[in-house]
Amino acid sequence: MKKYINEINKQILEVAEKENKQLMQIANSDLNSELGIFHMPELAFAYECGKQIMQNANNIFENNIPQWCREFDLGNGGPSDLVFNFNDGYKIVIEFKMRDTAEAYLRDLAKLSKLNDEKIIKLFCAVIDVFPKDLENDGRVKKIDTDLRTKKLVIKSFNTNQRWYKSEVHALIGIWKVN
């Protein structure tokens with residue numbers, strides 16, 4: 001499963017950067033400023049990640065191709081954004097958050113933690129709006145990092161555009177494994 005997780009992480013990062021680039025080219029606000037990844041709704045991002053993972057399923061999963069489920073209810077407090085069900089009973093469950101608060105991130109961690117089956121691999125992906133000066137010190141990332149339920153797998157950032165702040169903003173993509 002570790003190989004699967006590493007490949008899934010790569011696919012999620014690729015989708016984030018691809019969508020940011022595309023949206024910066026095509027999504028213009030009323031003020032004619034280009035918009036990036038934060039113009040994309042959270043569930044649209046989850047869907048695009050699922051689609052890209054399944055388009056590369058043979059490379060990622062080899063002969064163990066899972067069933068792709070989106071917004072799938074596992075009985076842990078609401079539907080999960082993205083679930084991959086394998087024939088051997090294993091599942092990879094991914095919750096996504098886009099530009100949200102630390103409290104919202106912690107709620108998703110709690111939701112994932114309710115899945116106690118050892119055959120369920122739980123991932124949390126946050127796309128966080130961060131000022132360049134805070135890239136190394138964002139409080140939301142620290143909250144997730146210091147949560148005993150998490151293990152950081154990937155952190156990557158890139159410049160993006162948005163219309164909420166006058167200052168430059170980066171999109172910080174973090175993926176954590178949840179116990």
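**Exercise 1. Classify Cys 125 as buried or exposed, then find its disulfide status.**

Step 1. Cys 125 has a relative accessible area of 0%. Buried means under 20%, exposed over 50%, partly exposed in between (1.4 Å probe, protein chains only). Cys 125 is therefore buried.

Step 2. The model is predicted: local features need pLDDT of at least 70, side-chain atom pairs count only at pLDDT 80 or more, and totals for chains, interfaces and linings use all residues. Residues are numbered from 1 along each chain as its sequence is written, and side-chain values use heavy atoms, with hydrogens and water left out.

Step 3. A disulfide is a pair of cysteine sulfur atoms within 2.5 Å. The whole structure holds zero disulfides. For Cys 69, the nearest cysteine sulfur belongs to Cys 49, 16 Å away, and Cys 69 is in no disulfide. Cys 69 is buried, at 8% relative accessibility. Cys 125 is in no disulfide either; the sulfur of Cys 49 is its nearest, at 6.3 Å.

**Exercise 2. Compare the radius of gyration of the protein chain with the globule rule.**

Step 1. Take the radius over C-alpha atoms; the rule is 2.2 Å times the number of residues to the power 0.38.

Step 2. For 179 residues, a compact globule would have a radius near 16 Å. The protein chain has 16 Å, which agrees.

Step 3. Add the extent: the C-alpha trace spans about 50 × 35 × 25 Å along its principal axes. Buried residues form 48% of the 179.

**Exercise 3. How many helices and strands does the protein chain have, and in what pattern?**

Step 1. Count DSSP runs, numbered from the N terminus: helices (H or I, at least four residues) and strands (E, at least two). The result is five helices and six strands.

Step 2. Along the sequence, the pattern reads α-α-α-β-β-β-α-β-α-β-β.
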